[in-house]
Protein chains: 2
Amino acid sequence: MTSVNAAVETSTTLEQALQALEHLMFQAVDSQVTVLRDASRHILEAGGKRIRPRMLILSYLACGGTQIESVLPIAAAVELVHTASVVHDDINDHGVVRRGRPSINARWGRTFALLTGDFLFTKVYELMAPHKDLNVVLAEATVALVEGETLQAAAVKENTLSRQVYYDIIARKTAALFKSAAQMGALLAGAAAEQVEAMGQYGFNIGLSFQIVDDILDLVGDEAKLGKTAGIDLGQGKGFAAAYASAGGAVALAEAAPAKNPMDIFKQKLMEGDTLQTAREQAQQLMWLATSSLDVLHPSDAREELREMARLVVERDF
Amino acid sequence: MTSVNAAVETSTTLEQALQALEHLMFQAVDSQVTVLRDASRHILEAGGKRIRPRMLILSYLACGGTQIESVLPIAAAVELVHTASVVHDDINDHGVVRRGRPSINARWGRTFALLTGDFLFTKVYELMAPHKDLNVVLAEATVALVEGETLQAAAVKENTLSRQVYYDIIARKTAALFKSAAQMGALLAGAAAEQVEAMGQYGFNIGLSFQIVDDILDLVGDEAKLGKTAGIDLGQGKGFAAAYASAGGAVALAEAAPAKNPMDIFKQKLMEGDTLQTAREQAQQLMWLATSSLDVLHPSDAREELREMARLVVERDF
């Protein structure tokens, strides 16, 4: 009975914290420069899964932290790093729909989208300014994210994609930020080095798994559920194809280049073979690896929620 | 005799420090992602006046600091904020020449230029991560810089430029970073609050003066000396014109809009009236205001170099 109540209590508190997080992010992006404020609010209002701040908070609780409010600025900063990268991504990929709304570049144009992304990055810097040690962790993840995006663009351009390169890319552009979120949660709770390390592994592997599932959904997902233009990210699609396609898939990759809509050829070829199945199994395996890292933590409701989060990352359809 | 020697010594040490600064910035932008490293080096190698780090170091020395090496990472971060903003500016303004070289967007394309700018911003964050209190100062200046750029783009688009708006723009996009450089130099030297405040005023007014002179040079300067495409920044030119043009100039602004090359009309009209003279006098006045802030400092060679720097900011032709 107690355990059920405790679970309910943690869960309520988490949802309350996530509400407060929204408020905090809105406050953080306030500006006298109305277009920056409006464009930032536009993308924040559209929602998003908030999986990174959720992971940070759960990691904090699972490592024994009790003052959820104290970690919210850090959780907000992590989500804003992701948001900034999404805004700049949409410029580079010419994405016109994001989270079910017009992208910032579609609505305000490229110049303001570029500046809004810069604004969000600098707001992260400002939010984090008072947090010396954590800054080292988040700054490193932010650099990795930009490096990962660049590696992807370069590999597509130079046609050097392979499974190895795909992993290099997603480790940087996605898993590094998940890792930092989980680690910072543990650090904020004052966890022992072993736990911080374990949470870092959890976050990193969930991040890889999350991105693989994202790439699968980008190929086969329902655009309405995804809330973004599916299949537009040719770089991502090519990376994914290079990583998972069988020989037939590799041929499709080469053939696809001169075609009018290479993504359609990709999709068809990929869905013919066992590519998607292989990728799904890989995502599943990484998820198991992630959850096994949680064994060093004391049992708690938050730890169970981290397990559940891992399961949802793999099983989601949006 | 002693004072002359001391001056020579300070000056040598400053130049050595600026050499070490170059090395440090190169180290900071190293990356396994070669395009980020190469593009960052490309813009750093092209030089630039390094006026912001120079100001930070001189402010540090003038406030009694003696360990120049210790302030170099902060000086590097300030210059990298400026460099990042220049890289993104060239995307938005379609600038093809910067510091006498092809701009990053001209050479590597827009996607990599956007990512290189992001990379430089995140490297600032990483460089500054261990410096808690200073981060609050630099983060605020970095946010202001992005806000100033945005304000300019918005005012041009909405045609709301005026002298007041021009000052709002240049206060944020240029003076805020100069102010932070001078203030951080003082803070690093452990200066009293009064001195930190005075150095902030010095930096802020030099920043305004610097930008006004920059805008004059953009209109009438020698492209070879400037090392960048002159007169391309219509937003800047329009802001400047709105701030300083007499009635005739204001008409020119309205007339210019539908013309093929509005900048040529601007230039001609602006050079006919007393606009440039008014702007030069304003820059001069701000420079005097800046140097008067230095009176609260103890006399030193570094203080004299700060005065000299102020003079050069106004009298330069590049």
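## A two-chain predicted model, from a short strand to the shared core

B:V97 counts as partly exposed, because 17 C-beta neighbours lie inside 10 Å, where a residue is called buried if 20 or more other C-beta atoms lie within 10 Å of its own, exposed if 12 or fewer, and partly exposed in between, with C-beta atoms placed from the backbone. This is a predicted model, in which local features need pLDDT of at least 70 and side-chain atom pairs count only at pLDDT 80 or more, while totals for chains, interfaces and linings use all residues. Residues are numbered from 1 along each chain as its sequence is written, and chains are lettered from A and ligands numbered from 1 in the order in which they are written.

B:V97 belongs to strand β1 of chain B, residues 97–98; helices (H or I, at least four residues) and strands (E, at least two) are DSSP runs, numbered from the N terminus. The C-alpha atom of B:V97 is separated by 9.8 Å from that of B:R107, which is 10 residues away along the chain.

In chain A, the loop between β1 (97–98) and β2 (101–102) holds A:R99. A:R99 has a positive phi of about 55 degrees although it is not a glycine, and with 18 other C-beta atoms within 10 Å it is partly exposed. Most residues other than glycine have a negative phi. A:N159 also departs from this pattern, with a positive phi near 55 degrees in a residue other than glycine; A:N159 is found in the loop between α7 (132–158) and α8 (163–188) of chain A, and it counts as exposed, with 11 C-beta neighbours inside 10 Å.

Taken as a whole, chain A has 15 helices and 2 strands, and buried residues make up 53% of its 318 residues. Two residues are in contact if their C-beta atoms, placed from the backbone, lie within 7 Å, and among the contacts in chain A between residues at least 6 apart in sequence, 72% join residues at least 24 apart.

How are the two chains placed with respect to one another? Chain B can be laid on chain A with an RMSD of 0.0 Å by a turn of 180 degrees and a shift of 0.0 Å along the axis, the copies being superposed by least squares on the C-alpha atoms of residues with pLDDT of at least 70 in both. The two copies are therefore related as by a two-fold rotation axis. In chain B, the C-alpha nearest this axis is that of B:K132, at 2.5 Å from it, and 100% of the contact residues of chain B recur in chain A, so the same surface serves both copies.

At this interface, 34 residues of chain B are in contact with 34 residues of chain A. The elements that give two or more residues to the side of chain B that touches chain A are α2 (34–45), α4 (68–92), α6 (110–128) and α7 (132–158) of chain B, and α7(B) gives the most, with 14 residues. That side of chain B divides into 19 nonpolar, 8 polar and 7 charged residues, where Ala, Val, Leu, Ile, Met, Phe, Trp, Tyr, Cys and Pro count as nonpolar, Asp, Glu, Lys and Arg as charged, and the others, Gly among them, as polar.

Helix α7(B) deserves a closer look. Of its 27 residues, 21 are buried, so α7(B) is largely enclosed by the rest of the structure. At 1.5 Å a residue, the 27 residues of α7(B) should span 39 Å, which agrees with the 39 Å between its end C-alpha atoms, the expected span being 1.5 Å times one less than the number of residues. Just after α7(B), B:N159 takes a positive phi of about 55 degrees.

Helix α15 of chain B (residues 301–315) reaches 21 Å from its first C-alpha to its last, close to the 21 Å expected for its 15 residues at 1.5 Å a residue. In α15(B), the residues B:A302, B:E305, B:L306, B:A310 and B:V313 are buried. They cover an arc of only 150 degrees around the axis, which puts them on the same side of α15(B), the arc being that of the directions from the helix axis to the C-beta atoms. On the other side of α15(B), B:E308, B:R311, B:L312 and B:E315 are exposed.

The last feature is the core. The largest nonpolar core, a set of buried Ala, Val, Leu, Ile, Met, Phe, Trp, Tyr and Cys residues joined through C-beta atoms within 7 Å, has 207 residues, and those with the most contacts inside it are A:L56 and B:L56. Not counting residues up to four places away in sequence, A:L56 touches A:V71, A:I74, A:A75, A:V78, A:A181, A:A182, A:M184 and A:G185.
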